[in-house]
Amino acid sequence: MIPFTAARMLRRMSGMETAVSIALGIGLAAAVGFRVFLPLLIASVAAYTGHLHLDESFSWLGTLTAIVMLSVAALVEVLAYYIPAVDNLLDSITTPLALVAGTVVSAAVIADMPPLIKWSTAIIAGGGVAAITQGVTTLVRAKSTAFTAGLGNPVVSTVEMFAAVVIALLALIAPLAALALVVAVCWLTVRLVRKFLRNAPQRSREQTPTP
């Protein structure tokens, strides 16, 4: 049996830290899908106060200047989602922004990985998860607009805002738990989309007038 040396222990610790940082990045990216700037602001404050370690290339995210700029952006974004018609317009604008922001925030916290693997993980996992959660919010808001004439949209916006804050904080406190929550949300989303696609032809036939 191979002796358990200090070097092996360090390698295991390094591997665990890498896994936790990936989980942290995916959790923050998922939160970005609900609100682009709010999770970035939370990550910026955490980095500035020493509660979040950033890659050296992204040290700017933990500066006071970044906190001020992200605070203004987050406030404008949150308030804009409560303006009728503007909220639906923002969904089309923030979708590509969420993908980019999810990639950036994932790359900022993923540690101890070669650049190629790091950025591939950030783009596929971080950007992909952000795109999924953003897609869910867009679909829910579109349904709310159709069925409530937009009256239910403020409720949707409030839920999204709280989801962004809760998931971002959970990612900082318990990254693996946040990752499990994100996986569950993605799994549920896939099931709902598949169910919707299966039922769409039937609804179309029912709505077609009989000659």
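Contacts that bridge distant parts of the chain make up much of the picture here: among contacts in the protein with a separation of 6 or more, 70% join residues 24 or more positions apart. The model is a predicted one, and its pLDDT averages 83, with 83% of the residues scoring at least 70. One stretch calls for some caution, since over residues 6-13 the pLDDT is below 50. Beyond near neighbours in sequence, that stretch has four contacts in the model.

As for the overall build, the protein contains seven helices and zero strands. Reading along the sequence therefore just gives α-α-α-α-α-α-α. Of the 211 residues in the protein, 39% are buried. The area that the protein exposes comes to about 12,100 Å², and carbon and sulfur atoms supply 76% of that figure.

Helix H1, which covers residues 6-34, is a handy place to start looking at single residues. Thr18 lies in this helix, and so does Ala19. What sets the label for each is relative accessibility. Thr18 counts as buried because its value is 14%, and the cut-off for buried is under 20%. Ala19, with a relative accessible area of 35%, is partly exposed, because that label covers values between the 20% and 50% cut-offs. Once neighbours within four places in sequence are set aside, Thr18 is in contact with Ala111, Asp112 and Met113. Ala19 can be placed against a residue from that part of the chain too: its C-alpha atom is 8.6 Å from that of Ile110, although their positions lie 91 residues apart along the chain.

Just past H1 comes Arg35, in the loop between H1 and helix H2 (37-48). A charged residue in a loop might be pictured on the outside, yet Arg35 has 1% relative accessibility and so counts as buried. Who are its partners? Leaving out residues up to four places away in sequence, Arg35 touches Glu77, Tyr81, Arg141, Ser157, Glu160, Met161 and Ala164. For one of these, Glu77, the C-alpha atoms are separated by 7.7 Å, with the two residues 42 apart along the chain.

Helix H5 (residues 115-148) is home to Thr137. This residue is also buried, because its relative accessibility is 3%. Not counting residues up to four places away in sequence, Thr137 touches Gly33, Phe34, Asp91 and Glu160. Glu160 thus links back to the loop described above, because it appears among the contacts of Arg35 as well. A further distance helps to place Thr137: the C-alpha atoms of Thr137 and Val159 are 9.9 Å from each other, and the pair is 22 residues apart along the chain.

Finally, there is the second largest pocket, which holds about 190 Å³ of space. Its lining is made up of Glu17, Val20, Ser21, Leu24, His51, Leu52, His53, Val109, Ala111, Asp112, Leu172 and Pro175. Sorted by class, that comes to seven nonpolar, three polar and two charged residues. Helix H1 gives the most to this lining, with four residues. Two names on the list, Ala111 and Asp112, have come up before, as they are among the contacts of Thr18.

How values were computed:
Residues are numbered from 1 along each chain as its sequence is written. This is a predicted model: local features need pLDDT of at least 70, side-chain atom pairs count only at pLDDT 80 or more; totals for chains, interfaces and linings use all residues. Side-chain values use heavy atoms; hydrogens and water are left out. On a 1 Å grid over the protein atoms alone, a cavity is a set of points where a 1.4 Å probe fits but cannot get out, and a pocket is an open set with protein on both sides within 12 Å along at least five of seven lines; lining residues have an atom within 4 Å of a point. Grid points are joined across faces, edges and corners, and a volume is the space filled by probe spheres set on the points. Helices (H or I, at least four residues) and strands (E, at least two) are DSSP runs, numbered from the N terminus. Buried means under 20% relative accessible area, exposed over 50%, partly exposed in between (1.4 Å probe, protein chains only). Contact means heavy atoms within 4.5 Å. Accessible areas come from the Shrake-Rupley method with a 1.4 Å probe; for residues, only the protein chains shown count as cover. pLDDT is the predictor's confidence in each residue, from 0 to 100.
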